[in-house]
Amino acid sequence: MTLRYIGSKTRLVDGLARFIGQYSGRGRFVDAFCGMGSVAAQAAQLGWPVLLNDHLSYAAIMSSARLTARNQASFAELGGYTSAIDRLNGLDGRRGFIWSEYSPASLAHSRAGVERRYFTEANAAHIDSCRSQIFDWSKSGLLNPSEERVLLADLLSAANRVANIAGTYGCFLSRWTSQSQGTLALRPRDLIEEGMPVDISVGDVINVDIAPDDTVYLDPPYTKRQYASYYHLLETIVHGDAPVVEGVAGLRPWQHLASDFCYKRKALGALVDLIQGIGARRILLSYSNEGHVDLAQLTDRLVDVGDVKVEPLASIGRYRPNQKASDNASEVSEYLVVIEPKAVASMTKKSATARK
Ligand SMILES: C[S@@+](CC[C@H](N)C(=O)[O-])C[C@H]1O[C@@H](n2cnc3c(N)ncnc32)[C@H](O)[C@@H]1O
C-alpha cells in the first residue's frame, strides 16, 4: 500500500496555489507542519525558497526528498542513484530491531512476547539491513545529507508498500494482505530538475525561526489522532534506534511529542497563541470543518491580530471504511484562513519608508 497520510493536502494543492502565488522575491514559504510536504512542493514549483518543519523527523525527510534536485543528489561516491538503490535492494536481510519487534519474530524475540505482523520476517530484516547500510555510507562520507534523506525516504516508501496495515501504523492487521506478502523493493524517484533553496528543521512549531518577510503556511492536526503514535514505525526506521516499545502495537515513547492541536480543549488556545506569536507578513491556515476548532470562535479570537479572510477551498469526500460510513457521512469542507498581521504590516511599512 502507499501511505494514506492523515490530513494530507495533496488533493488541495491546486486550490492553494492561487493563494500562495508566484514568488515575488520576498521572503520564504514556511511549511510549519509539513507532513508529507505536498504544499511545500507546490510552493517550490511556484518559485519559492522553502523552510520545512515538522516535529517528526520522518515527515521532514519525506518532504525534503521530494524537493531534492538531481545536482544535489548525484550519488557520485556510489556510482549514481540507480546503483545506490540496486545495492540496497541486493542486500541480505539482517536480524535487527525492526525484525525483532515488528515481524512475527517478535513473538520469541521482543520483550512483550507479542506476535506483531507489520512486516514479514524477510521484509523486516531487509529494512534493518538497508537502514544500517545507509547509516554506514553516511558515516563514511559516501552520502551527502541530501542523498541520505533521499535514500531514507525511498526506504520509507518501500516499507509503506509492504506494510500490513490499514493506512497508519497505529496497529497491524491480523491477516496478511497480499501487498504485505510482496518483496520490499526501493525505487528511485524522479528527482526534480532544478531545486529551490530548502531549509529543514525538526521541532515544535513554536520554535520555528520565522522572518517578517516570510509567508507561513499552517496545517496543524485537527483531530485527536496523534501523528507521533500513528506513524511511530516510520520514526523508528528513520532514527535507526532501538527504543523500549510498548503494547501490542509496539509504540516507541511518543508522549513528549503529543501535540496540543490534537486535544479538543487545548486546540483553539494553542492555535491562537501560535498565530499571535508569528511575526510574518502573511499566514495561511488550513481549516477543515471536521476538526475540533470552531471557525467562528477562531476568527473572533483573531480580530486583534490583523486582517482575516476565510476562503472556501473545496468539499472533498473522505476515506470511508465501508458503505454505511459513506452513507452517514457529511462532506468535508476545507477552507484557507488568510491572515495579514497588523503589527508586521506596520513594521514592514516603516522599514520601507526608512529605506527611501
Ligand atoms: C495535517 S498534517 C500536515 C499535512 C501536510 N500539509 C501534507 O499535505 O502532507 C499535520 C502535521 O503536523 C505535525 N505536527 C503536529 N504537531 C506539531 C507541532 N506541535 N509542531 C510541529 N509539527 C507538528 C504532524 O507530525 C503532522 O505531520
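**Conversation on S286 and the surrounding fold**

Reader: Is S286 buried or exposed, and how many other C-beta atoms lie within 10 Å?
Author: S286 is buried, because 21 other C-beta atoms lie within 10 Å of its own, and 20 is enough for that class. Please keep in mind that this is a predicted model.

Reader: Where is S286 found?
Author: S286 belongs to strand β5.

Reader: How many residues of β5 are buried?
Author: Six of the seven residues in β5 are buried, which makes the strand mostly covered.

Reader: Which residues does S286 touch, leaving aside those up to four places away in sequence?
Author: With those set aside, S286 touches K9, L218, D219, E334 and L336. One of these, L218, is also a buried residue of strand β4.

Reader: How far apart are the C-alpha atoms of S286 and G21?
Author: They are separated by 16 Å, although the two positions lie 265 residues apart along the chain.

Reader: Let us stay with the strands. How many bridges join β4 to β5, and in which sense do they run?
Author: Four bridges join β4 to β5, which covers residues 282-288, and the two strands run parallel. Within this pairing, T215 stands opposite R282, and V216 stands opposite I283.

Reader: What pairs with β4 apart from β5? I have β1 in mind.
Author: Strand β1, residues 29-31, pairs with β4 in the parallel sense over three bridges. F29 has T215 of β4 as its bridge partner. T215 therefore takes part in both pairings, as the partner of F29 and as the residue opposite R282 in β5.

Reader: Which residues of β4 lie on each side, and are they buried or exposed?
Author: T215 and Y217 are on one side, V216 and L218 are on the other, and all of them are buried, so both faces of β4 (residues 215-218) are covered. In general, the side chains of a regular strand alternate between the two faces of the sheet.

Reader: Turning to helices, how many residues of α3 are buried?
Author: Eight of the 10 residues in α3 are buried, and the helix is mostly covered. The buried residues are Y58, A59, A60, I61, M62, S63, S64 and A65.

Reader: What covers the buried residues of α3?
Author: The cover includes the helices α2 (38-45), α8 (145-162) and α10 (232-239), together with the strands β2 (50-54) and β3 (198-202).

Reader: What is the place of F75?
Author: F75 sits in the loop that runs from α3 (57-66) to α4 (81-89). F75 is buried, with 20 other C-beta atoms within 10 Å. Its phi is near 55°, a positive value in a residue that is not glycine.

Reader: And T168: where is its place, and which residues does it touch?
Author: T168 lies in the loop between α8 and β3. Beyond the residues up to four places away in sequence, T168 touches I6, Y230 and Y231. With 19 other C-beta atoms within 10 Å, T168 counts as partly exposed. The C-alpha atoms of T168 and Y5 are 7.6 Å apart, while the two residues are 163 positions apart along the chain.

Reader: Which domains does the assignment give?
Author: The assignment gives domain 1 as 1-64 + 196-227 + 260-356 and domain 2 as 68-187. Nine residues of domain 1 and 11 residues of domain 2 take part in the contact between them. On the domain 1 side, the touching residues comprise six nonpolar, two polar and one charged.

Reader: Which residues come nearest to the ligand?
Author: Of the 21 residues around the ligand, G7, F33, G35, M36 and S259 come nearest. By class, that shell holds 11 nonpolar, six polar and four charged residues.

Reader: Finally, the overall picture: how many helices and strands are there, and what is the radius of gyration?
Author: The protein has 14 helices and seven strands. Its radius of gyration is 22 Å, close to the 21 Å that the globule rule gives for 356 residues, so the protein is as compact as a globular protein of that length. The C-alpha trace spans about 65 × 50 × 35 Å along its principal axes.

Reader: What share of the residues is buried, and what share of the contacts joins residues 24 or more positions apart?
Author: Buried residues make up 41% of the 356 residues. Among contacts with a separation of 6 or more, 72% join residues 24 or more positions apart.

Note on methods
Residues are numbered from 1 along each chain as its sequence is written. This is a predicted model: local features need pLDDT of at least 70, side-chain atom pairs count only at pLDDT 80 or more; totals for chains, interfaces and linings use all residues. A residue is buried if 20 or more other C-beta atoms lie within 10 Å of its own, exposed if 12 or fewer, and partly exposed in between; C-beta atoms are placed from the backbone. Two residues are in contact if their C-beta atoms, placed from the backbone, lie within 7 Å. Domain bounds come from an automatic or database domain assignment. Ala, Val, Leu, Ile, Met, Phe, Trp, Tyr, Cys and Pro count as nonpolar, Asp, Glu, Lys and Arg as charged, and the others, Gly among them, as polar. The radius of gyration is taken over C-alpha atoms; the globule rule is 2.2 Å times the number of residues to the power 0.38. A residue is near a molecule or strand if its C-beta atom, placed from the backbone, lies within 6 Å of it. Two strands pair if DSSP finds at least two bridges between them.
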